[in-house]
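Student: Please take a close look at one residue and its surroundings, and then connect that spot to the rest of the fold. Give the cut-off behind each term as you go.

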Amino acid sequence: MDLAYTEEERAFRARLRDWLASVLPTLPARPDPRDWPARRAYDTAWQRMLYDAGYADVHWDAAPTIRLIFLEETERAGAPYVGANFVGLLHAGPTIAVEGTPAQRQRWLPPVLRGDEVWCQGFSEPDAGSDLASLRTRAVRDGDDYVVTGAKIWTSHAEVADWCELLVRTDPDAPRHRGLTWLALPMDAPGVTVRPLRTLAGTAEFAEVFLDEVRVPAGNRVGAENDGWRVTMVTLSFERGTAFVGEVVACRRVLGALARAARANGRWDDAVLRRRLGRLNADFAALWRLIQWNVSEAAAAAAGRGASTAPGGSGGVPGAGGSVFKLRYSHARQELYDAAAEVLGAGALDAGHEWVADRLSSLSYTIAAGTSQIQQNIVAERILGLPKGR
Ligand SMILES: Cc1cc2nc3c(=O)[nH]c(=O)nc-3n(C[C@H](O)[C@H](O)[C@H](O)COP(=O)(O)OP(=O)(O)OC[C@H]3O[C@@H](n4cnc5c(N)ncnc54)[C@H](O)[C@@H]3O)c2cc1C
């Protein structure tokens, strides 16, 4: 792996930096985080600006170094967060890019890049979270359609999504991992009901989704029937391996702001707090190195330059190394916002403060996209080669 930047990559960075400096001051204020329709409009408008300026395809098509430069520069400049486009851009889109037919890629990928369509993820169910393979939502083939009935939960952005990457059971008699299928569900299909759930932070960013005999065309199936577990592992590899990459840069930006705030309000005199901030700085620097390794090794494998040396990586899909990243990142993020509360002192009781809201949402990071215990199991089994727990 060569992490040195070429002249062309340095030129890309300079061009992007200039473009960001010219457009960011022109953006309207970000909408209230509790108003998801307004957030969708804002996030997709930003995606459209990236598309028009030729920066939209960096997540899928560009060289890994270009992708890292893009994420680094946009976060460093404080550009809008990927937000409502998270699933479409960072794991449904990449899954379709790897597993979809040419027609499916043509149908679904350009609208995500243009910010025209938003995706959500319908994997978890009330009794199927960590143990995803126990899911019960049924899809029965009827002519050219699947007829889907069941319930999903914790579906982020469901309220504002056009499409859902949906995992269903198509063969109830097969061993539980072998009877699943990955479908693209149109969220406006008759029989889809979305009921928002309120989070600790006061936002309704996820929802329950009820599916009552919803007809989904068989052409919306990505991968073969009953091969959905394998396709889902591709989705989860992108979700854990690369989807949170930009947020590491954002955390480093917050860390810098914490140090400045601590200097300004006198908290910097506390040696314990200073050590804590220093250790977090080292943690986030190490996480960035881990990202560079995971992303560039996966891309090298995709380009046919031999198998990825990242643990478990192959064919452009991040490997089990993504679980190492997800495990450490989600804890470091919580520690960062705990430190923010220390810096804020009594100000940590102000629910309107950006850092306080982010502290509340950081609690979910060790659960969403697979809990820390599950990531530890993956690291133990697939990287360390320890025996399976069960
Ligand atoms: C903010 C947020 C957004 C989310 N967005 C989505 C979304 O968009 N789409 C979606 O499909 N899902 C989403 N989820 C759901 C998420 O993927 C699940 O909550 C997660 O997989 C855990 O499943 P569970 O809640 O059923 O907990 P459980 O599986 O019931 O786990 C409960 C506890 O038991 C532990 N545990 C379970 N099994 C094992 C084991 N084998 N070994 C060790 N420990 C174990 C877990 O680690 C956990 O601590 C989201 C969750 C959150 C918090």
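Tutor: Leaving aside its neighbours within four places in sequence, E247 is in contact (heavy atoms within 4.5 Å) with Y81, F86, Y329, R333 and Y365. This is a predicted model, in which local features need pLDDT of at least 70 and side-chain atom pairs count only at pLDDT 80 or more, whereas totals for chains, interfaces and linings use all residues. Residues are numbered from 1 along each chain as its sequence is written, and side-chain values use heavy atoms, with hydrogens and water left out.

E247 is found in helix α7, where helices are DSSP runs of H or I with at least four residues, strands are runs of E with at least two, and both are numbered from the N terminus. With a relative accessibility of 5%, E247 counts as buried, since that word means under 20% relative accessible area, while exposed means over 50% and partly exposed in between, with a 1.4 Å probe and protein chains only. The C-alpha atoms of E247 and E75 are separated by 7.6 Å, although the two residues are 172 apart along the chain.

One of the contacts of E247 is also a charged pairing: its side chain meets that of R333 in a salt bridge, at 3.1 Å from N to O (a side-chain nitrogen of Lys or Arg within 4 Å of a carboxyl oxygen of Asp or Glu). Because R333 lies in helix α9 (residues 321-344) and E247 in helix α7 (residues 245-265), the pair ties together parts that are 86 residues apart in sequence. Both partners, R333 and E247, are buried. Elsewhere, R13, R17, E72, E73 and R76 are joined into one network by salt bridges that share partners.

R333 also leads towards the nonpolar interior, as F284 touches R333 along with V248, C251, R252, L255, Y329, A332 and L336, not counting residues up to four places away in sequence. F284 and Y329 are among the residues with the most contacts inside the largest nonpolar core, which has 75 residues, and W46, W119, L258 and L336 are named with them; such a core is a set of buried Ala, Val, Leu, Ile, Met, Phe, Trp, Tyr and Cys residues joined through side-chain atoms within 4.5 Å. Helix α9 supplies the largest share of this core, nine residues. A second, separate core of 24 residues includes V148, L183, V209 and A218.

W119 carries the picture over to the strands. From strand β1 (residues 119-122), W119 and Q121 point one way and C120 and G122 the other way, and all are buried. Strands β1 and β4 (residues 163-169) run parallel and are joined by four bridges, and a pair of strands needs at least two DSSP bridges between them. Within this pairing, W119 stands opposite W163 in β4.

Past β1 comes another charged pair, as E125 forms a salt bridge with K152, the closest N and O atoms being 2.9 Å apart. Because E125 lies in the loop between β1 and β2 (138-142) and K152 in strand β3 (residues 145-156), this pair ties together parts that are 27 residues apart in sequence. Like the pair at E247, E125 and K152 are both buried.
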